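User: I would like a close look at one strand of this protein and at the sheet around it. Please take it step by step and keep to what the model shows.

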Amino acid sequence: MNKAVNPLCHVCRWLGSQWMTMMMMIMNKLSCWMMMMMLTVSQAGLGRGFWHAVGEVVHSNAAMDFLSSTRSDPVYHFDSERVEESMAMLRQFWAQTLLSARAKEYQGARHSLGQLLHSLQDFYSHSNWVEMGQHSIYLHLLQPGQPAFPVATGTDTPTCMECHSATCRDNLLPRLTQSQQYPLLLTTGYFSTYPPKPQGKCSHGGVLDSSRHQGAKGGINKDSTSPLFSPHHYLHVEAARLATTATLTVLRDLRDSGRLFSVKQPPALVFVMDTTGSMFEEITAARLRAHSIIQARANTPEQPGTFLLVPFHDPGEGEGMTRPGCYVGGGDEPEMCLSAIQLALTHSPPLSEIFVFTDASPKDAHLYNAVRALILEKQCKVTLFVLRRRRRETLSPDRFALYSSLSSVSGGLTVFTTNSDIHRVSAIVEDNTAADKVLQQGKMLTVVPRLSLYYTQYLFPQSNHEQNSSRPTDNRVIPVSKADSNVDFLYYFAVEANGTHPGLAKVEGSPIAGEGSVVFG
């Protein structure tokens, strides 16, 4: 019994290891260039803004295997001998990247760059370029003036021989390898059922490709080192080397494209201020605190690139300004706070910190989804200071719920305070701006250059930490724990994706409660 079971266990373990190999291949096969960049610039002191920009390129790259509009189209992947069409698409991505970068539309440039790199890297793993004995990149892909190889198009031009094993060696016909007898021809493997594979053509191959069972059986892809997914797995390292070289060539050509990777675009420090007459105390406290922050961070690596003030009052919001405006208004309830936050987000670089001072609930609640989407897109942190006042009229106790929701999504805080406490509570602003953030179960964890934990409910004292607290009028305690730390985080959530390219797909925004997700750092 044991002798019969053991081989089965070995097979199960092998299949499990191959499945994990595939998962890692799906996530990483197209981002080897990112690892090269990490090694190149790890000593350059580049911050989260840079890695956030690099992450946008990597995400756009990987999404080509998951989006319904691109995952099954052979033109985006150099499949099915659509080489000419794929080269035209590649050059279109290149032109779009350059155009967007010159127009300072850097996010759009990073998106098209990721698409370009995906197709470019697929060429070396999906074609017979390596099998042809080529040891340098194919310049003609992006440079039409460079020499070109003919493509083995046409149903009457067979390209592969039958292969009946997971590893396919010498299954390409002589005209598609290093043979000196014939002019060399380019080909790429057919994948799945569209377009139909003609008899005698090469397949992509591997367990994810249904065309591998049609003649000629087998495949030629070099996407991974596993024979389960890549019949030419033994050539993966060489294909990856060429793909990396091609990627670095593109990046070198883009090195003068301004702030494409946000190296020179530091986050902003933004104040959104309710300028009605009842906010005089808060205006004074915020002005003094902002001056303190600016003085403390001047000529340091933490100095923001821009200081932005957005005053607002009913019936409309103010325009973004870099100097204080005139404070006018009445003090009614509610007011146009979300419009002002939206304006601040629109004019702020990614990863900026926004501090909102108000004593009124939002009149423009219909903008909640738009503001939330901007927060998630730019990954800005929003902290709100809400002044509690005694009012004659009866108001809903949940009127500030939207504020709490937005601050939680961003990794910030909603702090309720009073006139007498605003100076002490606003000191949290200075502590917050000294650190980056990670959102964990609705709480904000700041880690650079100090570790700070802020909660809006009472916690028992924690040992080995310096602790401070302030007590607003609603009897909530805000303990502040601080400790030195040199740790930084850049992370995203992913969920399992099933389809033509199964694996893990990045979650846009926050994960859904109750559904499984994975955190990647």
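Analyst: Two strands count as paired if DSSP finds at least two bridges between them. The model is predicted, and the part examined here is strand 3, residues 353–358.

Start with the setting. The protein chain holds 12 helices and 13 strands, and 49% of its 521 residues are buried. Of the contacts in the chain between residues at least 6 apart in sequence, 66% link residues at least 24 apart.

Strand 3 itself is mostly covered, with 6 of its 6 residues buried. Buried here means under 20% relative accessible area. The cover applies to both faces: Glu-353, Phe-355 and Phe-357 are buried on one side, and Ile-354, Val-356 and Thr-358 are buried on the other.

Next come the neighbours in the sheet. In general, the strands of a sheet pair through backbone hydrogen bonds, in either a parallel or an antiparallel way. Strand 1 (residues 268–274) is joined to strand 3 by 5 bridges, and the two run parallel. Strand 4 (residues 381–387) is joined to strand 3 by 6 bridges, again in parallel. Phe-357 illustrates both pairings: Met-273 stands opposite Phe-357, and in strand 4 the bridge partner of Phe-357 is Phe-385.

The link from strand 3 to strand 4 includes a helix. Strand 3, helix 9 (residues 368–378) and strand 4 form a β-α-β unit, which is right-handed.

Going outward from strand 4, 4 bridges connect it to strand 5, and this pair also runs parallel. Within this pair, Leu-387 stands opposite Thr-417 of strand 5. Helix 10 (residues 401–410) packs on the sheet and touches strand 3, strand 4 and strand 5. The direction of helix 10 makes about 150 degrees with that of strand 4.

The whole sheet can now be put together. It is an open sheet of 5 strands in the order 2-1-3-4-5, with parallel pairing. Strand 2 (306–312) and strand 5 (414–417) are at the edges and have a single partner strand each, so one side of each lacks a neighbour in the sheet. On average, neighbouring strands of the sheet are turned by 15 degrees against each other, direction ignored.

In short, strand 3 sits between strand 1 and strand 4 in the strand order, with buried residues on both of its faces.

Terms used: Residues are numbered from 1 along each chain as its sequence is written. This is a predicted model: local features need pLDDT of at least 70, side-chain atom pairs count only at pLDDT 80 or more; totals for chains, interfaces and linings use all residues. Side-chain values use heavy atoms; hydrogens and water are left out. Buried means under 20% relative accessible area, exposed over 50%, partly exposed in between (1.4 Å probe, protein chains only). Helices (H or I, at least four residues) and strands (E, at least two) are DSSP runs, numbered from the N terminus. A crossover is right-handed if, with the strands pointing away from the viewer, the path from the first strand over the helix to the second runs clockwise. Axes are lines fitted to C-alpha atoms, for helices over the stretch in contact, and angles run from 0 to 180 degrees between N-to-C directions. Contact means heavy atoms within 4.5 Å.
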